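Student: I'm new to this one. Please give me a close look at one part, the salt bridges, and then tell me what else I should find my way to.

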Amino acid sequence: MLKGIILYTIPLILSGVLQLLFNAADLVVVGHFSGEGALAAVGATGALINLIVNVFMGLSVGSASGTALNYGAKNHKGVHRMVHTSMALSIVGGVCVMLIGLLFSRTFLIWMDTPSSVLGDAALYMKIYFIGAPAMMIYNFGAAILRSVGDTARPLMFLTVAGIVNVVLNLILAGVFSMGVIGVAVATAVSQCISAILVVRHLMRCDADYKLMLDKIAFYKRELMMILRVGLPAGIQGSVFAISNVVIQSSVNSFGSLAMSGSTASGNIEGFIYIAMNSFHHTALAFTAQNLGAGKKDRIKKIFFLCQGMVIATGVLFGAAAYFFSDNLLGIYIKESQVAMQFGAERLQIIALTYFLCGMMDVMSGMLRGLGSSFIPMLICLVGACGTRVLWVNTIFKMSGNHTFTVLFRSYPVSWLLTVSAQLLFFFYVYRKTVHSKKETLLGDNL
């Protein structure tokens, strides 16, 4: 099983890194060719973009869980209906996200106290970015389907092609034609369309239960409820996480554009650590759901210890590397300002060395969702992680003498520790209930 988990997870990590490189390429190119102001403008959009897309992206988790469960149980009809319901949901969700982004980006940025010096560019970047939202949703749902049946290599191949296109277009539009924020936004939207086309093309051409037929795309009631049962709480959790990050970003904005630039660079570096760890969330979910569907409940505990051990090792290793090489890494994004570098290093020092706690938290969520439990884990994360951060910002951070960058970002490790402790207790409760259950397990039994 260890070998299987490693072989499954490595392409996931590489896929996640490539997807993150879309944004990293935007930041590096715009920072070097257009300056710290443009870098701050692009960086100011990250938390807000996540807030808008996370509800629908969370539904892809439900799609992956339902597909893996039906695939493990060899329910061919269930896999077929899950695929076509998922693609219908991705199209509807993508259009909704696009409209929200186009209509309300500037308003949301104003609510976040985005400085006027970067507001115009930030709003423009978001509007162009969201034009590619339907393609982004289609790719992510399609990739979730492939990964749930054990194919993690093809999503990696598709992202590689799209990533190369993104980088080339960034350099041409922002570097050669000096289009700045507009150029990097267009490059990202185009690359999203390419990845969507590639994943749909493969699903249509494959000869398997998960083959996609355009005339069969529809909402099948049972499969839709399976997706919503796991995916909706996951999406709500992701969006509330994004709300807490928007609160943090608003506090960062209060320090000015240089702090925003430093925080943006640091956050992007942290993103690579997070992607590596979050891949084990998807692995834990897929392996747990497939083995549960196949009736091999005795494997679940082993999956838990293997995934937790590997995510801790990954978080510690990558976090330590980011900490020790922080100056070199931040220098990739920030061209001149030493003040921005200092802000970035201050944030990176706190987050990188404790990030393994976030990885443990994500693996717990993956295990529980694979077991069919999503609502209670959502509540645990909302209270333990999101609630703690919002409370921290509005109490400890706002106290006289505590209004510093360091105090602000200490909210993250504190929230992770509280959340993972509660998750552990709940996981072993659900695990014992699942193992001792004699009835046939269906997705949602353990809610």
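Tutor: We'll begin with the charged pairs, then go on to some helix packing, a surface patch and a few single residues.

A word on ground rules before we dive in. This is a predicted model, so local features need pLDDT of at least 70 and side-chain atom pairs count only at pLDDT 80 or more, while totals for chains, interfaces and linings use all residues. Residues are numbered from 1 along each chain as its sequence is written, and side-chain values use heavy atoms, with hydrogens and water left out.

Okay, the charged pairs. Side chains of opposite charge can pair when their charged atoms come close. The cut-off for a salt bridge is a side-chain nitrogen of Lys or Arg within 4 Å of a carboxyl oxygen of Asp or Glu. By that rule the structure has three of them.

Go to arginine 347 and find glutamate 270 beside it: they form a salt bridge whose closest N and O atoms are 2.8 Å apart. Arginine 347 belongs to helix α13 (residues 338–354) and glutamate 270 to helix α10 (residues 257–293), so this pair ties together parts that are 77 residues apart in sequence. A helix here is a DSSP run of H or I with at least four residues, numbered from the N terminus. Both arginine 347 and glutamate 270 are buried. Buried stands for under 20% relative accessible area, exposed for over 50%, and partly exposed for what lies in between, with a 1.4 Å probe and protein chains only.

Next, look at aspartate 151 and arginine 154. Their salt bridge has its closest N and O atoms 2.9 Å apart. Aspartate 151 counts as buried because its relative accessibility is 11%, whereas arginine 154, at 36%, counts as partly exposed.

The remaining pair is glutamate 223 with arginine 222, and here the closest N and O atoms are 3.6 Å apart. Glutamate 223 is buried, with a relative accessible area of 3%. Arginine 222 counts as partly exposed, its relative accessibility being 44%.

While you're at helix α10, find glycine 262, which lies in it. Glycine 262 is buried, with a relative accessible area of 0%. Glycine 262 is 136 residues from lysine 398 in sequence, and the two are 21 Å apart in space, C-alpha to C-alpha.

Now for how some helices sit together. Two packed helices are described by the angle between their axes and the distance between the axes. Axes are lines fitted to C-alpha atoms, for helices over the stretch in contact, and angles run from 0 to 180 degrees between N-to-C directions. Let's use helix α17 (residues 411–435) as our base: helix α14 (residues 356–370) packs with it at about 30°, and their axes are 9 Å apart. That makes α14 and α17 roughly parallel, because angles under 35 degrees count that way, while those over 145 count as roughly antiparallel. Helix α11 (residues 300–324) also packs with α17, at about 160° and with the axes 11 Å apart, so α11 and α17 are roughly antiparallel.

Phenylalanine 324 is part of helix α11. Phenylalanine 324 is exposed, with a relative accessible area of 63%. Set against glutamine 349, it is 25 residues away in sequence and 9.0 Å away in space, C-alpha to C-alpha.

On to the surface, where Ile91, Val95, Leu99, Ile100, Leu102, Leu103, Phe104 and Ile131 make up a nonpolar patch with about 670 Å² of accessible area together. To join such a patch, a residue needs over 30% relative accessible area and no salt bridge, and nonpolar side chains (Val, Leu, Ile, Met, Phe, Trp, Tyr) are joined within 5 Å, like charges within 9 Å. The areas come from the Shrake-Rupley method with a 1.4 Å probe. Helix α4 (residues 76–111) gives the largest share of the patch, seven residues. Isoleucine 91 is in α4, and it counts as partly exposed at 39% relative accessibility.

Finally, two loop residues. Lysine 74 sits in the loop between α3 (46–72) and α4; its phi is near 60°, a positive value in a residue other than glycine. Serine 178, in the loop between α7 (153–176) and α8 (180–205), has a positive phi too, near 50°. Lysine 74 is exposed at 65% relative accessible area, and serine 178 is exposed at 59%.

Notes. Angles under 35 degrees count as roughly parallel, over 145 as roughly antiparallel, 65 to 115 as roughly perpendicular and the rest as oblique.
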